[in-house]
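Here are two short exercises on helix packing and backbone geometry, each with a worked solution. Have the model open and follow along.

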Amino acid sequence: MVDQKLQVIPLGGLGEFGMNMTAIRYGDDIIVVDAGMMFPEAELLGVDLVMPDLTFLKENQAQVRAVILTHGHEDHIGAVPYFLTEIDVPVYGTAFTLALVERRMEEYDLEKQPRLIRVKPKQAIGVGPFQIEFIHVTHSIVSAVALAITTPLGVIIHTGDFKVDPTPTDNELFDLHTLADYGKRGVLLLLSDSTNADRPGYTESERAVRPRMEEVFSRADRRVVVSCFSSSIHRIQLVLDLAREYGRRVAVVGRSMVSVTEIAHSLGLLDIPDGILLRPQDAMNQDPSKVAILISGTQGEPMSALARVAVDNHKHISVGKGDTVVLSARIIPGNEKPIFRMIDHMARRGADVMYGSMNPPLHVSGHASVEEQKLVLNLCRPKYFMPIHGEFRQLSKHARLAEHLRFAGLEETFIMDTGEILELDSHGARKSGKVPCGRVCIDSGSVDDVVQEMVIRDRRHLSEDGIVLPIIAINRRSGRMESAPEIVSRGFAVAEDGTAIMDNARQIVARTLEGSNDEEKTDWGVMKEKIRADLKRYIVKETSRRPLIMPVILEV
Ligand SMILES: [Zn+2]
Ligand SMILES: [Zn+2]
């Protein structure tokens, strides 16, 4: 039995931020830990979602037994629906994690009902030759777990994402005892979260956000608008608690904010004080000093609720002079432009916008800093260590940290690339080759059009359906269109009435521009996204093709 090899293969999330996924194989059985997605970078404009390449798993489909989820962040669960359309296996996770998976699943047409199996911390399950115990950890999302995976060759600990918060707001402590028990009995391999390996000290407790928020609530004499990630249940609870203490009612605004708060409430993870909720459509007719608004869109996503509010194009909510807007989230690198543009819009309307790092903080990280990483290394005392979840510089810092600790028993540290195989057997551990890996870009339809069919846009696809470039010349000062929009296309051949389609497409672009208010027109990010969504809807309907659409706005 023990002469079989154990393989650990990261299929995403190493050397890149997002789409975390790891395959663990013993003999003919594979389990997959997490299946996350990544948000496209600017250079992937025109693509909606990025998922890990499943080629390796599809080639070994008959061996894949289950997907095991650590927590509900998109970079860990976002690819689950896509995964299940390709490989149908049971998915294990905590109730909250699976509820978030189900919410994503609604956007897909799956042939079969997914098999989602709820687990609780301290519970253990058997999958093929693996015994998997779920260990509660603290993180910026509730119901996060680490995994202790017992294999015939020894125990693998996979931390998932974590920080060691000694005072979590829900009082659910990191189960360090169980981790230490495994450490005492011997851990073969530790895979641990490296995100903050370049941050010394300890990450602040989630409670550290309260003083700053309290100050906002006590000082504001008009509306308080708080934006955070919709999955930050701790943060949402804090806003609800402060609103009650300071006599404000709360409107929950934005699709993801509404659905995730409902899920958390239904699972007993969010305590919503009686009578505190306000319908978004009523928020503006109340005394502004009695209103708080919880809204999604911290990253300036062009179609998000907060971005719409910023350009005064939201159905129910607007911000104005004297309102306080709090961005209680990290500015994810790469998103600075849209975020700062959104802040500028709101500042121009006279709102006091609070963002970025300050002391006391508006936001704290959900990931362990160096001292916490040391603690986990010391408790597990693994024979082998593989830093995961981070760019190369963080992985290598984390590896060096483990080596400096010099605890007894550490034999080797492996900094892996996505796709590399770590092979373990009775003789030791070593890198042994590579499996196919990479990214798959998915075009999920426009943001508010829920996905009906999934189209995978690889290069071949792009060359089949071509590219469409609407070119719009806008006067810098007036924001007005200088001439009729031009449309250039390459490789996008349309049959008979091609000219008619291009004429209509031009008109659609013109109509989208006319239908936008002045503030939107000065915001290229918003305009490009609107034009792209409208044009795509038309082209898909008329031609059933999905060319890449990249609006170009020329200032003249
Ligand atoms: Zn993560
Ligand atoms: Zn996370």
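**Exercise 1.** Work out the handedness of the crossing of α11 and α12, and list the residues that make the contact.

*Solution.* Step one: the crossing of α11 and α12 is right-handed, meaning that the near helix is turned clockwise from the far one by less than a right angle. Step two: α11 contributes Val-370, Gln-373, Lys-374, Leu-377 and Asn-378, while α12 brings His-398, Leu-401, Ala-402 and Leu-405; contact means heavy atoms within 4.5 Å. Step three: the axes of α11 (residues 370–380) and α12 (residues 392–405) lie 10 Å apart at an angle of about 55°. The two helices are therefore oblique to each other (not under 35 degrees, over 145, or from 65 to 115).

The model is predicted: local features need pLDDT of at least 70, side-chain atom pairs count only at pLDDT 80 or more, and totals for chains, interfaces and linings use all residues. Residues are numbered from 1 along each chain as its sequence is written, chains are lettered from A and ligands numbered from 1 in the order in which they are written, and side-chain values use heavy atoms, leaving out hydrogens and water.

**Exercise 2.** Find where Ser-143 and Asp-312 lie, and decide whether each is buried or exposed.

*Solution.* Ser-143, in the loop between β9 (130–137) and β10 (144–151), has a positive phi of about 55°. At 18% relative accessibility, Ser-143 counts as buried (under 20%; exposed is over 50%, partly exposed in between, with a 1.4 Å probe and protein chains only). Asp-312 sits in the loop between α9 (305–310) and β17 (324–327), and its phi is near 55°. With a relative accessible area of 36%, Asp-312 is partly exposed.

Conventions:
Axes are lines fitted to C-alpha atoms, for helices over the stretch in contact, and angles run from 0 to 180 degrees between N-to-C directions. Helices (H or I, at least four residues) and strands (E, at least two) are DSSP runs, numbered from the N terminus.
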